[in-house]
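User: I am new to this structure and would like to be walked through it with care. Could you set out the terms as they come up?

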Amino acid sequence: MTGLDTRLEGTIPHLSAAAERFSQTAQQYICHETLRQRVIRPRSIRKVKNEGTMVLNGVPEYNQREINSYYAFTTFGKSPQIHEIRQLLTVDKDVVLKDFEARRWFRNALLTRDDNLKGKIAGQFEPEALNGVAIDLGQMILSFAEDGIAHFAFTFDREETIGSFRAMVIRYMQKSGPEAVHINDRGKKLNSQLSGWLWLRQPGDVPMRITMISSRTEKSHDIRDEAEVDYAENPDGALLPSSVLHRRFEDDILVAEDDFRYTGWESLK
């Protein structure tokens, strides 16, 4: 890779290999997902007259929601692109489907590769979630697969410890290529190019954490999305997400937060 920091010459191929491993193995597992959301109430913010920027009206108040689901990765049709898919279990205290029924329904749809059934299942989630939910963040690592990694610039940042692991921290910035993160903004689908940091466990350069920052301005109104995805290897050696945290700021006010937690990863078969 032209212009690559010499300290990263052996590291970036390992990152790409980890992304390729994810693409080959992630669809073989399912887990439970818990999503806790909060979205600011309209009365908590107001626009500054003649400026378009947002300010707080006192202490911010948030609407909250908790959604529990079965969670997995899948593809549709002949496209190799991997997507998140969820089978809802509960929305707040309302039961959508009993656990054993949901697991059987979900597992059968994934194993039979029934696109119609998978589409029906996938369509349940966004209407139940509060506005601003981020999707497809669990597979952020795929941005660094072999066919896309050349679109990024990488810079060594530092070394630090996460828990009992030593990690190399790398700054990355997307220079070109397709936009990789999809965010639902009040019914509009927004795509964002990526910049942020990678934490790679040493030795081996195994991705432990990926962060993302995306900013834009709309009519003098600054909007910033931030995300943090943590990965861990299961006993089979598959690299899978353990948590995703997405936050949206408007003029530096936290207006939405999606906190995803993943537990009980198990083989789909």
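Analyst: Two strands are said to pair if DSSP finds at least two bridges between them, and the strands themselves are DSSP runs of E with at least two residues, while helices are runs of H or I with at least four, both numbered from the N terminus. This is a predicted model, in which local features need pLDDT of at least 70 and side-chain atom pairs count only at pLDDT 80 or more, whereas totals for chains, interfaces and linings use all residues. Residues are numbered from 1 along each chain as its sequence is written, and side-chain values use heavy atoms, with hydrogens and water left out.

User: Which residue of S12 is the bridge partner of Val169?

Analyst: Strand S9, residues 165-174, pairs with S12 in the antiparallel sense, and eight bridges join the two. Within that pairing, the residue of S12 that partners Val169 is Trp199.

User: Which residue in the turn between S12 and S13 has a positive phi?

Analyst: S12 also pairs with strand S13, residues 206-218, in the antiparallel sense over four bridges, and one of the bridge partners there is Val206 in S13, set against Arg201. The two strands form a hairpin with three residues between them, and the turn residue with a positive phi, of about 105°, is Gly204.

User: How many of the eight residues of strand S12 are buried?

Analyst: Buried means under 20% relative accessible area, exposed means over 50%, and partly exposed lies in between, using a 1.4 Å probe and protein chains only. Strand S12, residues 195-202, is largely enclosed by the rest of the structure, because the number of its eight residues that are buried is six.

User: Is Thr211 buried or exposed?

Analyst: Thr211 is found in strand S13. Contact means heavy atoms within 4.5 Å, and, leaving aside neighbours within four places in sequence, Thr211 is in contact with residues including Tyr172, Trp197, Trp199 and Glu228. The relative accessibility of Thr211 is 10%, so this residue counts as buried.

User: How does Ile213 count, at its relative accessibility of 28%?

Analyst: Ile213 also lies in strand S13, and its C-alpha is 24 Å from that of Gln202, with the two residues 11 apart in sequence. Because its relative accessibility is 28%, Ile213 counts as partly exposed.

User: Which strands stand at the edges of the sheet?

Analyst: The open sheet has 11 strands in the order S6-S5-S4-S1-S16-S15-S14-S13-S12-S9-S8, with antiparallel pairing. Each edge strand has a single partner, so one side of each is left without a neighbour in the sheet, and these strands are S6 (94-95) and S8 (152-162).

User: What stands opposite Val229 in S15?

Analyst: Strand S14, residues 221-233, and strand S15, residues 239-250, pair in the antiparallel sense over 11 bridges. The residue of S15 that stands opposite Val229 is Val244.

User: At what angle does H1 run to S15?

Analyst: Helix H1, residues 11-25, has 15 residues, and among those that are buried are Ile12, Leu15, Ala18 and Phe22. Axes are lines fitted to C-alpha atoms, for helices over the stretch in contact, and angles run from 0 to 180 degrees between N-to-C directions. H1 lies across several strands, including S1, S8, S12 and S14, and its angle to S15 is about 105°.

User: Why are the buried residues of H2 on the same side of that helix?

Analyst: In H2, Ala102, Phe106, Ala109 and Leu110 are buried. The arc is that of the directions from the helix axis to the C-beta atoms, and these residues are on the same side of H2 because the arc they cover is only 95°.

User: Which helix contributes the largest share of the largest nonpolar core?

Analyst: A nonpolar core is a set of buried Ala, Val, Leu, Ile, Met, Phe, Trp, Tyr and Cys residues joined through side-chain atoms within 4.5 Å. The largest one has 48 residues, and those with the most contacts inside it are Phe125, Met140, Phe144, Phe154, Tyr172 and Leu198. The largest share of this core is five residues, and it comes from H1.

How values were computed
The expected span of a helix is 1.5 Å times one less than its number of residues.
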